[in-house]
Amino acid sequence: MVEINPVVHGQMMAIPLTLASVMRHAERVCPDSRIVSITADNSRHRYTLREAFQRVRRLANVLHNLGLPSGTRVGTLAWNDHRHLEAYYAISCSGYVCHTINPRLFPAQIEYIANHARDRVLLVDPAFVPLVEKLAPELRTVDHFIALTGDRSVLDGTTLRWLCYEDLLAAASPEFSFPDLDEDAACALAYTSGTTGAPKGVLYSHRSTVLHTYAVTMPTAFALSPRDVVLAVVPMFHVNAWSLPYAVPASGATLVLPGSKMGDAAILATLINEERVTCAAGVPTVWINLLAYLRTKRLGVPSLERVIVGGSACSRALLEAFENEHDVDVLHAWGMTEMSPLGTVNTAPRSADIETRLKQGKPIFGIELKIIDAHGHELPWDGVTSGYLKVRGPWVCRGYFQHTDSPAHYEHGWFDTGDVATIDRDGYLQITDRAKDIIKSGGEWISSIDLENAALMHPLVQESAVIGVPHPKWDERPVLYVVSKDGTRVDEGSLRHCLARHIADWWLPETIVQVDTLPHTATGKLDKRALREQHAAVMK
Ligand code: AMP
């Protein structure tokens, strides 16, 4: 008989994993680390973490004096700057939920998510004051509007009772004792881009965010250290800027925030060179534009050691341009709002083969992956068989905020990413497509990502997008859209020749359309739904 003993518990301290612990650590251990940001009222605001956290305490007093119950959602409509960073910490560490709203969404979507989240306070960059003034009658739960500025004149002529951020901070005490929070308490809320249906909220906990912060700083991920100067081009309204507002202070690095200038290649180049940025994070579009600018101006970025490319697939052309033209390493990362967001990072050395280096990388410790077929059977990790990708881990969501619909996305303890992927025997993930973007032609799958990447191998193609269109014989066929680098037409013959060198001939699109621009979502990704609608309207 096997004797069943009661569980013997470890005797280690159960210190809650809360964002206040990140703040305490950063403040004590690296108080002189710098934060540099661009705001509407200052082209280069600079201060230290010590000063930042003093202001965080002042803001915590302001919020406390509003008499909000714990768990209240406090919304932000703001760019990447020091005030937004202060809001991140003051809101979450006070026991409220920092709800970052993407200001690039359609006004109706902003209204929907602010109402759905039941935001009580809105912290608003001056650029979005006119937008909020218009939306205010529909914002049913917001009682307090705070303009993130020290310049009262931006509020001239407004009709709402705006509070001015710097006035509030100046009048508040710098002493504040943050409450002891349960590590499972919610700290932040982000809504998914919602390409189908209504946007859905992902409610992060302190615990999930702290664990994700540890993971992000590891050498198998972004490898952050006090030697780094990190430029967060990824917006703070897009999945907490991939955790950089937590991970950079936690690791003692310098944080550089480009304000509203994240799409301005000239300003990004200047920031990188003047602040001696070593590591920068953003979506491929940002980097494509920066590289084009550097090429035209014959500029270098000598301090830059690595760029984190995520949100959409990194093409071979992008990776090679960084390596060959600037000696910069590319860390190709994959994740999603529901994963806080990081799932995989590619840290393969330059000596590894290019096919491996272009994959989305290996799961970071804490994240588990599996691929399944349409019947739910697990598929092999052979780098060839592709299937529906499921994930689990302590920073993966297990349900959407106040959403009682079918739990199809997260049943049986695994979250259905909606992506289709292969995984090889070494654990490298390769995203083949979004399940809804993959093209089913003659019973076989064509990866729109692979086809787009093949088009980007042509020296004159700046951006590409592939959609599937109905076909009487083959079910669906791909249509390729391209934007040229210099505004002139790309010779179709040479483009077809280039494609033929990289993809199977039955993948070759019958139709290639040349356009000046392609539609993008509010987070800077290709908007394939809009492109499909555009294509259908033209074909009518
Ligand atoms: P979001 O939640 O808006 O960040 O979108 C997440 C989705 O973006 C993922 O499910 C993927 O479809 C896509 N995505 C993110 N990173 C990558 C990447 N490196 N390569 C390809 N697709 C990506």
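# Exercises on a predicted model

Of the 15 residues around the ligand, those that come nearest are A333, T337, D419, R434 and K525. Keep in mind as you work that this is a predicted model.

## Exercise 1: The ligand

Find which atoms of the ligand lie by polar atoms of A313, T337 and R434, and give the distances.

**Solution**

Step 1. Start with T337, one of the nearest residues. An N or O atom in its side chain is 2.6 Å from an oxygen atom of the ligand.

Step 2. Go on to R434, also among the nearest. Here a polar side-chain atom lies 2.7 Å from a ligand oxygen atom.

Step 3. Finish with A313, where you should look at the backbone. A backbone N or O atom of A313 is 3.2 Å from a nitrogen atom of the ligand.

## Exercise 2: Helices α14 and α15

Describe how α14 and α15 pack, and say why they count as oblique.

**Solution**

Step 1. Two packed helices are described by the angle between their axes and the distance between the axes. For α14 (residues 448–456) and α15 (residues 492–502), the angle is about 125° and the axes are 8 Å apart.

Step 2. Now classify the angle. Roughly perpendicular covers 65 to 115 degrees, and roughly antiparallel means over 145. The angle of about 125° fits neither range, so the two helices are oblique to each other.

Step 3. Add the handedness: α14 and α15 make a right-handed crossing.

Step 4. List the contact. From α14 come L451, A454 and A455, and from α15 come L495, C498, L499 and H502. Sorted by character, the residues of this contact are six nonpolar, one polar and no charged.

## Exercise 3: Helices α7 and α9

Work out how α7 and α9 cross and what kinds of residue make their contact.

**Solution**

Step 1. Take the geometry. The axes of α7 (residues 206–217) and α9 (residues 244–251) come within 9 Å, crossing at roughly 65°. The crossing is right-handed.

Step 2. Look at the residues that meet. In α7 they are T209, T213, V216 and T217; in α9 they are Y246, A247, A250 and S251.

Step 3. Sort them: four are nonpolar, four are polar and none is charged.

## Exercise 4: Two backbone details

Find where P341 and V239 lie and describe the backbone there.

**Solution**

Step 1. P341 sits in the loop between β14 (329–335) and β15 (342–346). The peptide bond leading from S340 to P341 is cis, and its omega is near 10°.

Step 2. V239 belongs to helix α8 (residues 239–242). Although V239 is not a glycine, its phi is positive, at about 45°.

Terms used. Residues are numbered from 1 along each chain as its sequence is written. This is a predicted model: local features need pLDDT of at least 70, side-chain atom pairs count only at pLDDT 80 or more; totals for chains, interfaces and linings use all residues. Side-chain values use heavy atoms; hydrogens and water are left out. Axes are lines fitted to C-alpha atoms, for helices over the stretch in contact, and angles run from 0 to 180 degrees between N-to-C directions. Helices (H or I, at least four residues) and strands (E, at least two) are DSSP runs, numbered from the N terminus. Angles under 35 degrees count as roughly parallel, over 145 as roughly antiparallel, 65 to 115 as roughly perpendicular and the rest as oblique. A crossing is left-handed if the near helix is turned anticlockwise from the far one by less than a right angle, and right-handed if clockwise. Contact means heavy atoms within 4.5 Å. Ala, Val, Leu, Ile, Met, Phe, Trp, Tyr, Cys and Pro count as nonpolar, Asp, Glu, Lys and Arg as charged, and the others, Gly among them, as polar. A residue is near a molecule or strand if one of its heavy atoms lies within 4 Å of it. A polar contact is a pair of N or O atoms within 3.5 Å; within protein, one must be able to donate a hydrogen and the other to accept it, and residues adjacent in sequence count only if both atoms are side-chain atoms.
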